[in-house]
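Here are some exercises to work through with the model open beside you. Try each one yourself before reading its solution.

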Amino acid sequence: MQELIVTALWDDEAQVWLATSDDIPGLVVEASTCDALVKELQLLIPDLLEENGMIPKDADQTISFKLLSEALIHAEHKKQNCLNG
């Protein structure tokens, strides 16, 4: 099977990670943490691959996927002067 790529983007407004994949039809998952997102993906991806005929039914198989995540992170820098420290 080809390498499966899942992309996760942080939605700052909704405060969730949203995962989708061009390689796995129907995959749309959201979770509040990366750990929760990975657990959801591990449960959902095999079922979606089976439903889409991408893996045989009733076959024991380990499925690997690459999770690419992106988030805009802010860091504050406050200039110090003689009035504030």
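**Exercise 1.** What should the 18 residues of α1 span at 1.5 Å a residue, and how far apart are its end C-alpha atoms?

*Solution.* Keep in mind that this is a predicted model. Start with the expected span: one rise of 1.5 Å is counted for each step, so we take one less than the number of residues. For the 18 residues of α1 that comes to 26 Å. Now check the ends: their C-alpha atoms are 25 Å apart, which agrees.

Next, look along the axis of α1. There is a kink of about 30° at Leu-44, shortly before the proline Pro-46. Finally, go past the end of the helix: α1 is followed by Gly-53, and the phi of Gly-53 is positive, near 70°.

**Exercise 2.** Work out the order of the strands in the sheet, and say which strands stand at the edges.

*Solution.* Take the pairs one at a time. β1 and β2 run antiparallel to each other, with five bridges; in this pair, Thr-7 sits opposite Thr-20 of β2. β2 also pairs with β3, again in the antiparallel sense, over four bridges. Here Leu-18 has Glu-30 in β3 as its bridge partner.

Put together, the four strands form an open sheet in the order β3-β2-β1-β4, and the pairing is mixed. β3 and β4 are the edge strands; each has a single partner strand, so one side of each has no neighbour in the sheet. From one strand to the next, the twist averages 25°.

**Exercise 3.** Find which residues of α1 are buried, and what covers them.

*Solution.* Go down the helix and pick out residues under 20% relative accessible area. You should end up with Leu-37, Leu-41, Ile-45, Leu-48 and Leu-49. Their cover includes β1, β2, β3 and β4 (65-70).

That fits with how the helix lies: α1 packs on the sheet and touches β1, β2, β3 and β4. The direction of α1 makes about 160° with that of β3. Look at β3 itself and you'll find that Val-29 and Ala-31 make up its covered face, while Val-28 and Glu-30 are on the uncovered one.

**Exercise 4.** Which members of the largest nonpolar core touch the most other members?

*Solution.* The core has 16 residues, and the best-connected are Ile-24, Leu-27, Leu-37, Leu-41 and Ile-45. Now sort the core by element: β1 (4-11), β2 (16-20), β3 (28-31) and α1 (34-51) give at least two residues each. The largest share, five residues, is from α1.

Zoom in on Ile-24. Skip its neighbours within four places in sequence, and Ile-24 is in contact with Leu-4, Val-6, Ile-45, Leu-48 and Leu-49.

**Exercise 5.** Are Gln-15 and Glu-40 buried or partly exposed?

*Solution.* The partly exposed class lies between 20% and 50% relative accessible area. Glu-40, in helix α1, has 41% relative accessibility, so Glu-40 counts as partly exposed. While you're there, check Glu-30: ten residues away along the chain, its C-alpha atom is 8.4 Å from that of Glu-40.

Gln-15 is in the loop between β1 and β2. With 43% relative accessibility, Gln-15 is partly exposed too. Then look at its backbone: phi of Gln-15 is positive, near 60°, although the residue isn't a glycine. For comparison, most residues other than glycine have a negative phi.

Methods:
Residues are numbered from 1 along each chain as its sequence is written. This is a predicted model: local features need pLDDT of at least 70, side-chain atom pairs count only at pLDDT 80 or more; totals for chains, interfaces and linings use all residues. Side-chain values use heavy atoms; hydrogens and water are left out. A nonpolar core is a set of buried Ala, Val, Leu, Ile, Met, Phe, Trp, Tyr and Cys residues joined through side-chain atoms within 4.5 Å. Buried means under 20% relative accessible area, exposed over 50%, partly exposed in between (1.4 Å probe, protein chains only). Contact means heavy atoms within 4.5 Å. The bend at a residue is the angle between axes fitted to the seven residues ending there and the seven starting there. Two strands pair if DSSP finds at least two bridges between them. Axes are lines fitted to C-alpha atoms, for helices over the stretch in contact, and angles run from 0 to 180 degrees between N-to-C directions.
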